[in-house]
Amino acid sequence: MNNKPYLQLALDFFDLPTALAVTQKACTQVDVIEIGTPLTKAAGMLAVQTIRAFCPEKLILADVKTPDVGGGEAKMCFDAGADWMTVIGAAPLDTVRLALQEAQSRPDKEMFIELTGIRDILARAEEWRKLGVDRMVYHRGWDEGNASRLWQQSDLDTIQKLIDYGFKMSVAGGIELDSLSFFQGLDISVFIIGRAIYAASDHEKAAAQFREKIHHLWKV
Ligand code: 5RP
Ligand code: MG
């Protein structure tokens with residue numbers, strides 16, 4: 001174990017005012033704020049700029065899940081104030097390379113491969129590693145989760161293999177407070193939590209509970 005996992009709040013909203021209201025309540029309890037994929041489509045880079053201005057001291061991830069035009073989309077996210085951005089795992093290697101180049105051309109910017117829907121993760125991981133990618137989001141998609149796809153041992157095995165390959169792993173997808181212990185023992189870099197925080201009646205309290213439980217389970 002290297003470090004305690006970060007807590008990332010995913011703002012998967014369809015309008016900016018709602019996202020801002022939740023951020024206002026919960027941001028002190030989290031390490032990273034994610035401009036969720038729907039929010040990047042609904043409000044564009046204005047969402048990144050607004051949350052950046054509101055939370056200047058937090059890391060910000062723009063979950064654009066870029067499929068093409070990797071360099072241009074990475075530039076757009078970083079120019080707007082994001083520290084991190086995502087490229088979808090199905091993107092061509094050229095797209096990954098160009099987004100990575102853009103991240104590496106600036107201080108402290110990072111590109112993540114987002115694994116939603118990718119089946120041959122371990123085979124693709126070797127190609128990404130050769131390009132120099134070192135961060136990924138392992139994601140049980142919303143639609144899969146709603147269709148009763150449960151977290152299972154094979155997910156843990158794949159995440160552990162990716163960690164062994166040298167990737168820093170973020171994990172996402174319907175994670176609830178009681179799900180955290182399922183991942184105990186893995187050197188997770190970031191837990192991404194959306195609905196379990198913003199659907200709670202008290203967003204700050206819910207975020208604080210995640211923070212405390214992560215710190216309790218990952219004593220390093
Ligand atoms: C959906 C996403 C979400 O940000 C991710 O699933 C985290 O949110 P939740 O905890 O609500 O599942 O990227 O595509
Ligand atoms: Mg997301």
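Is Asp 108 buried or exposed? I would like to begin with that residue, and I should say at once that what we are looking at is a predicted model. Asp 108 sits in the loop between H5 and E5, and it is exposed, with a relative accessible area of 69%. Its backbone also deserves a look, since the phi of Asp 108 is near 60°, a positive value in a residue other than glycine.

Let me now turn to the overall arrangement of the strands. The model contains a closed barrel of 8 strands, which runs E1-E2-E3-E4-E5-E6-E7-E8 with parallel pairing, and from one strand to the next the twist averages 25°. If you follow the barrel from its beginning, you will find E1 and E2 running parallel and joined by 4 bridges, with Leu 9 standing opposite Ile 33 in E2.

Further along, E6 and E7 also run parallel, and here 5 bridges join them, with His 139 opposite Ala 172 in E7. Ala 172 then leads us on to the next strand, because its bridge partner in E8 is Ile 192; E7 and E8, the latter covering residues 190-193, are joined by 3 bridges and run parallel. As for how E7 is placed, 4 of its 5 residues are buried, so this strand is largely enclosed by the rest of the structure. Across strand E6 (135-139) and strand E7 (168-172) lies helix H8, made of residues 153-165, and this helix runs at about 180° to E6.

Next come two of the helices, beginning with H1, which spans residues 16-26 and in which Leu 16, Ala 19, Val 22, Thr 23 and Ala 26 are buried. These residues cover an arc of only 130° around the axis, which puts them on the same side of H1. The face turned away from that buried side carries the exposed residues Pro 17, Gln 24 and Lys 25. What do the buried residues of H1 pack against? Their partners include strand E1 (6-11) and strand E2 (32-35), and among the helices H2 (37-42), H3 (45-54) and H10 (203-217).

Helix H4, residues 70-80, can be described along similar lines, with Gly 70, Gly 71, Ala 74, Cys 77, Phe 78 and Ala 80 as its buried residues. The buried residues of H4 pack against H3, strand E3 (59-66), strand E4 (84-88), helix H5 (93-104) and strand E5 (110-114). Just after H4 comes Gly 81, which takes a positive phi of about 115°.

I would now ask you to look at ligand 1. Which residues surround it? They are Ala 10, Asp 12, Glu 34, Asp 63, Lys 65, His 139, Trp 142, Gly 173, Gly 174, Ile 193, Gly 194 and Arg 195. For some of these we can give a distance between polar atoms: an oxygen atom of ligand 1 is 2.9 Å from an N or O atom in the side chain of Lys 65, a polar side-chain atom of Asp 63 lies 3.1 Å from an oxygen atom of the ligand, and for a polar side-chain atom of Trp 142 the corresponding distance to a ligand oxygen is 3.2 Å. Lys 65 itself is found in strand E3, and it has a positive phi of about 45° although it is not a glycine.

Thr 37, whose place is in helix H2, touches Asp 12, Asp 63 and Lys 65, if we do not count residues up to four places away in sequence. At 10% relative accessibility, Thr 37 counts as buried.

I will finish with two residues elsewhere in the chain. Phe 182 has its place in the loop between E7 and E8, and at 31% relative accessibility it counts as partly exposed. Leaving aside neighbours within four places in sequence, Phe 182 is in contact with Trp 151, Gln 152, Gln 153 and Leu 156. From Glu 34, Phe 182 is 148 residues away in sequence and 23 Å away in space, C-alpha to C-alpha. The other residue is Asp 143, in helix H7 (residues 142-146), which counts as exposed at 64% relative accessibility. Between Asp 143 and Pro 107 there are 35 Å in space, C-alpha to C-alpha, with the two residues 36 apart in sequence.

Technical notes: Residues numbered from 1 in each chain as written. Chains lettered and ligands numbered in written order. Predicted model: local features only at pLDDT ≥ 70, side-chain atom pairs only at ≥ 80, totals over all residues. Heavy atoms only, no water. Buried < 20%, exposed > 50% of the residue type's maximum accessible area, 1.4 Å probe, protein only. Arc of directions from axis to C-beta. Contact = heavy atoms within 4.5 Å. Pairing = 2+ DSSP bridges. Axes fitted to C-alpha atoms, helices over the stretch in contact; angles between N-to-C directions. Near = heavy atom within 4 Å. Polar contact = N/O pair within 3.5 Å; in protein donor to acceptor, adjacent residues only side chain to side chain.
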